[in-house]
Every structure is written in C-alpha cells, then in structure tokens.
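Let us take a friendly walk through this protein, one stop at a time. Please have a first look at it before reading on.

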Amino acid sequence: MDGPQPSRKSGVSQNMEAVAALERDAQLMLQVRQGDETSFALLLERHRGPVIHFLYRMVQNQAVSEELAQEVFLRVYRSRETYEPTAKFTTWLFRIATHLALNRLRDFKKEKGQTSLDEELIEGVERQVADRRPSVEQVLVYEVKLREVRAAVETLPEKQRAAVLMHKYQGMEYSQIARALRCSESAVKSLLFRAYESLRGKLAHLA
C-alpha cells in the first residue's frame, strides 16, 4: 500500500506543474487586464519571436512581419479589458496573427495581382543533413532540394499554408488551429490532408 503513494504524489505534482505552465500566459493576461504593464512586457518577450517567425513564413517579408507583429500585440493590449481565459492564450494570439496575415496577403493580391508566397521546410527534407559535418556536395544537394521544397510550398493556398505552419512548426493541436482559423476541426484536418497530399505529390522525386 505504501509503495505506490510517492509515485502518485509525484504524478500529481507533475500534473500541477504542467497545468501551471499552460495557465501562466492566461494569468499574465489577467494581470494585464488589471493594468499591470510588467505582465504585458513579459508576454511580449515570451511570444514576440514565435509570432514574427510565423508571420514571416506567411508573408515572406521581414519588415512586414515585424509591422504585423506590432499590430498583433497592439490588438492584444487593446482587448485586455474584455479578455477571458476561455481558450489558451496562444490560440487567441495566433488567431489574431493569422487574421492579420491573411488580410495582408489579400491586400498584396489586390496590389500586385498575385499571392505573396512563403518559404517553408517540410519534414524529411530537414533531415537530409546528417548529424555529422556534411560535405560540400551534400550541402549543394540539400540546397537544391530546399529550393524545390520552397517552390512546391509556394503553390499552397493561404489557409493550407497557415494550417501547416501552425500544425508542424508551432505544434498547435487541431482544436487550436480551428479556433485560429475560425473553422471546424474537420475542416482543419481537410486543409492539412490536402496540403500534405499536394506537397507529397510535387516532392515525390526527392524521396
């Protein structure tokens, strides 16, 4: 009877720590709602990098991605008084980022008559370089394959691209992506299925 108890206590402690980590952003945002500027600075420090990275992969322009990131956090701050922790903070954050990115891409289409395209790595291509130091030939082959991957990804529709970025590179779950894109989980699965199938066909020669 006595043996398993420490293990159970340890498990409970780990679960509490995990929940605390998940809720940290929400707690910070609630403090921001109360007027705590330091908490907002902490949120900005924690999430500015990932948000800019995501936006850059969407719009493929560093200056624009930084400009959009500023707008994302400005909207977060403006919404502080009505914030409710009904979903993960990051889900809400990337919903705002996705909305702004898609709007900017539509503006680019209107201005230039074409879609602004992103550059992205697909799982498997990243692994072409082994842990050991690659030779010059290996580097050249990798760069050629990388260009082909990017060219293939450029053909993805905007929402498919956003779903892939959130799923593979931000590690977001279907439910989170669904909230960010304002669609159902089944629609997210369909977006990802079509995106990966399209890329698999276009990159079959690299296998």
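One definition will help along the way: a residue counts as buried when its relative accessible area is under 20%, as exposed when that area is over 50%, and as partly exposed in between. Keep in mind, too, that this is a predicted model.

Begin with the whole. The protein has 8 helices and 0 strands, so from the N terminus on its elements read α-α-α-α-α-α-α-α. Of its 207 residues, 37% count as buried. Among the contacts with a separation of 6 or more, 69% join residues that are 24 or more positions apart.

Now turn to helix α2, which covers residues 37–59. At its start, a side-chain oxygen of Asp36 comes to within 3.0 Å of the backbone nitrogen of Thr38. Further along, the helix bends by about 45° at His47, and within four residues a proline, Pro50, follows. His47 is also one of the buried residues of α2, a list that includes Phe40, Leu43, Val51, Ile52, Phe54, Leu55 and Val59. As background, an α-helix has 3.6 residues a turn, so residues three or four places apart point the same way.

What follows just after α2? There, Gln60 takes a positive phi of about 55°, although Gln60 is not a glycine. Most residues other than glycine have a negative phi. Gln60 sits in the loop between α2 and α3, and its relative accessible area of 17% makes it buried.

Beyond that loop comes helix α3, residues 62–78, where Ser65 has its place. Is Ser65 buried or exposed? With 0% relative accessibility, Ser65 counts as buried. Setting aside its neighbours within four places in sequence, Ser65 touches Ile52, Leu55, Tyr56 and Val59. Of these, Ile52, Leu55 and Val59 are among the buried residues of α2.

Next, look at helix α4, residues 89–112, which holds His99. His99 is partly exposed, because its relative accessibility is 41%. Its C-alpha atom is 8.1 Å from that of Ala180, although the two residues are 81 residues apart along the chain.

That brings us to the later helices. Helix α7 (residues 174–181) packs against α8 at an angle of about 95°, and their axes are 8 Å apart. The two helices are therefore roughly perpendicular to each other. On the α7 side the contact is made by Tyr174, Ser175, Ile177, Ala178 and Leu181, and on the α8 side by Glu185, Val188, Lys189, Leu191 and Leu192. By class, these are 7 nonpolar, 1 polar and 2 charged residues.

Between α7 and α8 there is a loop, and Arg182 lies in it. Arg182 has a positive phi of about 55° without being a glycine. With a relative accessible area of 66%, Arg182 is exposed, whereas Gln60 is buried.

Helix α8, residues 185–202, also meets helix α6, residues 158–169: their axes come within 9 Å and cross at roughly 95°. This makes α6 roughly perpendicular to α8. Lys159, Gln160, Ala163, Val164, His167 and Lys168 of α6 meet Leu191, Leu192, Arg194, Ala195 and Tyr196 of α8. Here the residues divide into 6 nonpolar, 2 polar and 3 charged. Leu191 and Leu192 of α8 take part in this contact and also in the one with α7.

Note on methods:
Residues numbered from 1 in each chain as written. Predicted model: local features only at pLDDT ≥ 70, side-chain atom pairs only at ≥ 80, totals over all residues. Heavy atoms only, no water. Bend = angle between axes of the 7 residues up to and from the residue. Buried < 20%, exposed > 50% of the residue type's maximum accessible area, 1.4 Å probe, protein only. Polar contact = N/O pair within 3.5 Å; in protein donor to acceptor, adjacent residues only side chain to side chain. Axes fitted to C-alpha atoms, helices over the stretch in contact; angles between N-to-C directions. Parallel < 35°, antiparallel > 145°, perpendicular 65-115°, else oblique. Contact = heavy atoms within 4.5 Å. Nonpolar A, V, L, I, M, F, W, Y, C, P; charged D, E, K, R; others polar.
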